[in-house]
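Got the viewer up? Load the model, switch to cartoon, and keep a selection box handy for the stops below.

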Amino acid sequence: MQQGEMNAGLLHDAISAHRFGDVASICDNLELELAAKGIAKPDDWPYSIHLIGYIYVSDMNGARFLWKRIPTSVKQSQPELVAVWKIGQCMWMHDYAGVHEALRGYNWGQDIQPLVAAVAEDYSKRMCKLLSTAYSTISVDDAAAFLGLTHSEAIHFTLQQGWTLDSSSQMLTVKPPPPVSEQKLDSSKLKNLTEYVFQLEH
């Protein structure tokens, strides 16, 4: 078996085993091997999976550099690739609602769907953590907008995270995250979050 075929098998195995954090590095290694041998990428190169692999591990610089080196003809012929890039763009711009819309707004193929679902779940968890750092209480509707969930889904999800609900006011009391002395909330994220809440309320 050729090395490239072995790595292609590793990629399939990683996705099947839900080791999504390995996807980008496997694709990187395979890309470097082809380049070292002077071999052009095949027509079926998994650009979409490579790109969302970067997004899954929050390597937005890696995602941007990959996007820049993808041929224009490929971008024009692969709408799924453009849909993945839309997710990355929204994350880069801190467009919280846009991320959820981009995740839901495309009929993803069977190969990439598990990765998209994992990105969606991870993003909701990260947003929940960010909200728990920035707020003590928040309305169910606002939480749903941030988390990309319906009203009832937001209640179910936040209760699973240890939040409590006042049914009469439909306000959620946030469970604060455990103190971690060596980590600080990114002030730019807090600023963007505050601006987004202002947009929701006006």
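**First stop: the end of α3**

Select S58, which comes after α3 and has a positive phi, near 60°. Helices (H or I, at least four residues) and strands (E, at least two) are DSSP runs here, numbered from the N terminus.

Before moving on, some ground rules. This is a predicted model, where local features need pLDDT of at least 70, side-chain atom pairs count only at pLDDT 80 or more, and totals for chains, interfaces and linings use all residues. Residues are numbered from 1 along each chain as its sequence is written, and side-chain values use heavy atoms, with hydrogens and water left out.

**Zoom out**

Show the whole protein: it has 11 helices and 3 strands. Along the sequence they run α-α-α-α-α-α-α-α-β-α-α-β-β-α. Of the 202 residues, 38% count as buried (under 20% relative accessible area; exposed is over 50%, partly exposed in between, with a 1.4 Å probe and protein chains only). If you draw contacts (heavy atoms within 4.5 Å) with a separation of 6 or more, 60% of them join residues 24 or more positions apart.

**Back to α3**

Now select residues 47-56, which is helix α3. How many of the 10 residues of α3 are buried? The count is 9, so α3 is largely enclosed by the rest of the structure. To colour the buried set, pick Y47, S48, I49, H50, L51, I52, G53, Y54 and I55.

**Add α2**

Bring in residues 23-36, helix α2. α2 and α3 pack at about 130°, with their axes 7 Å apart. Those axes are lines fitted to C-alpha atoms, for helices over the stretch in contact, and angles run from 0 to 180 degrees between N-to-C directions. That angle makes α2 oblique to α3 (under 35 degrees is roughly parallel, over 145 roughly antiparallel, 65 to 115 roughly perpendicular, the rest oblique). The crossing of α2 past α3 is left-handed, meaning the near helix is turned anticlockwise from the far one by less than a right angle; clockwise would be right-handed.

Put sticks on V23, A24, C27, D28 and E31 of α2, then on I49, H50, G53 and Y54 of α3: these make the contact. By class it has 5 nonpolar, 2 polar and 2 charged residues. Nonpolar covers Ala, Val, Leu, Ile, Met, Phe, Trp, Tyr, Cys and Pro, charged covers Asp, Glu, Lys and Arg, and polar takes the others, Gly among them.

Centre on G53 next. G53 sits in α3 and is buried at 0% relative accessibility. Leaving out residues up to four places away in sequence, G53 touches V23 and A24. Try a distance label to V116 as well: its C-alpha is 9.4 Å from that of G53, though they are 63 residues apart along the chain.

**Swap α2 for α4**

Hide α2 and show residues 60-69, helix α4. α3 and α4 pack at about 155°, again with axes 7 Å apart, and are therefore roughly antiparallel. Their crossing is left-handed. Sticks go on Y47, H50, L51, Y54 and I55 of α3 and M60, G62, A63, L66, W67 and R69 of α4.

**Two cysteines and a last helix**

Select C27, buried at 1% relative accessible area, then C128, buried at 4%. With a disulfide taken as a pair of cysteine sulfur atoms within 2.5 Å, the count is 0.

Finish on residues 140-147, helix α9, where 6 of 8 residues are buried: V140, D142, A143, A144, F146 and L147. Just after α9, G148 has a positive phi of about 70°.
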